[in-house]
Amino acid sequence: MKTVVIGESSGASMDTIMAVYPRHKAVVDTFIDKGEVIGIGPFADRGNMAIFRTREAAEAFVKQDPFILEGLVKSFVIRDWNDTMLPE
């Protein structure tokens, strides 16, 4: 079982997003370095999604991510996902 975080954009400007991005990337890189992120990135509407190996990692991420903490993500959901295509 994997866990997905799906975020909805607050409608922040690209300038605002890019001002926060270095801090967001630092958090993302920490989780990547630990092997906890499988995939992460934006949707065309500036919403976003991240796939984590565990719920614990997803929950830790949302507590640290500047995009969430600084209001660039209006809301998010954390959902457990049964990935039937890839091995654990």
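1. In this predicted model, helix α1 (14-33) is the element that gives the most to the lining of the largest pocket, contributing eight residues. The pocket has a volume of about 510 Å³.

2. In total, 30 residues line the largest pocket, and those nearest its centre are His-24, Gly-41, Pro-42, Asn-48 and Phe-67. Two or more lining residues come from each of β1, α1, β2, β3, α3 and β4. Sorted by class, the lining comprises 18 nonpolar, eight polar and four charged residues.

3. Helix α1 also supplies the largest share of the largest nonpolar core, namely five residues. This core has 18 residues, among which Phe-31, Phe-52, Phe-61, Phe-67 and Leu-72 touch the most other members. Besides α1, the elements giving two or more residues to the core are β3 (48-52), α2 (55-62) and α3 (66-69). In soluble globular proteins, nonpolar side chains tend to be buried together.

4. Leu-72 merits separate mention. Apart from neighbours within four places in sequence, Leu-72 is in contact with Glu-8, Ser-9, Ser-10, Ala-12, Thr-16, Ile-17, Val-20 and Phe-67. Phe-67 is thus named in the core, in the contacts of Leu-72 and among the residues nearest the pocket centre.

5. In α2, the buried residues are Ala-57, Ala-58, Phe-61 and Val-62. These four lie on the same side of α2, because they cover an arc of only 130° around the axis. An α-helix has 3.6 residues a turn, so residues three or four places apart point the same way. The partners against which the buried residues of α2 pack are β1 (2-9), α1, β2 (37-42), β3, α3 and β4 (73-81).

Definitions and conventions. Residues numbered from 1 in each chain as written. Predicted model: local features only at pLDDT ≥ 70, side-chain atom pairs only at ≥ 80, totals over all residues. Heavy atoms only, no water. Core = buried A, V, L, I, M, F, W, Y, C linked by side-chain atoms within 4.5 Å. Buried < 20%, exposed > 50% of the residue type's maximum accessible area, 1.4 Å probe, protein only. Contact = heavy atoms within 4.5 Å. Arc of directions from axis to C-beta. 1 Å grid on protein atoms, 1.4 Å probe; cavity = no way out; pocket = protein on both sides within 12 Å on 5 of 7 lines; lining within 4 Å. Points joined across faces, edges and corners; volume = space filled by probe spheres on them. Nonpolar A, V, L, I, M, F, W, Y, C, P; charged D, E, K, R; others polar.
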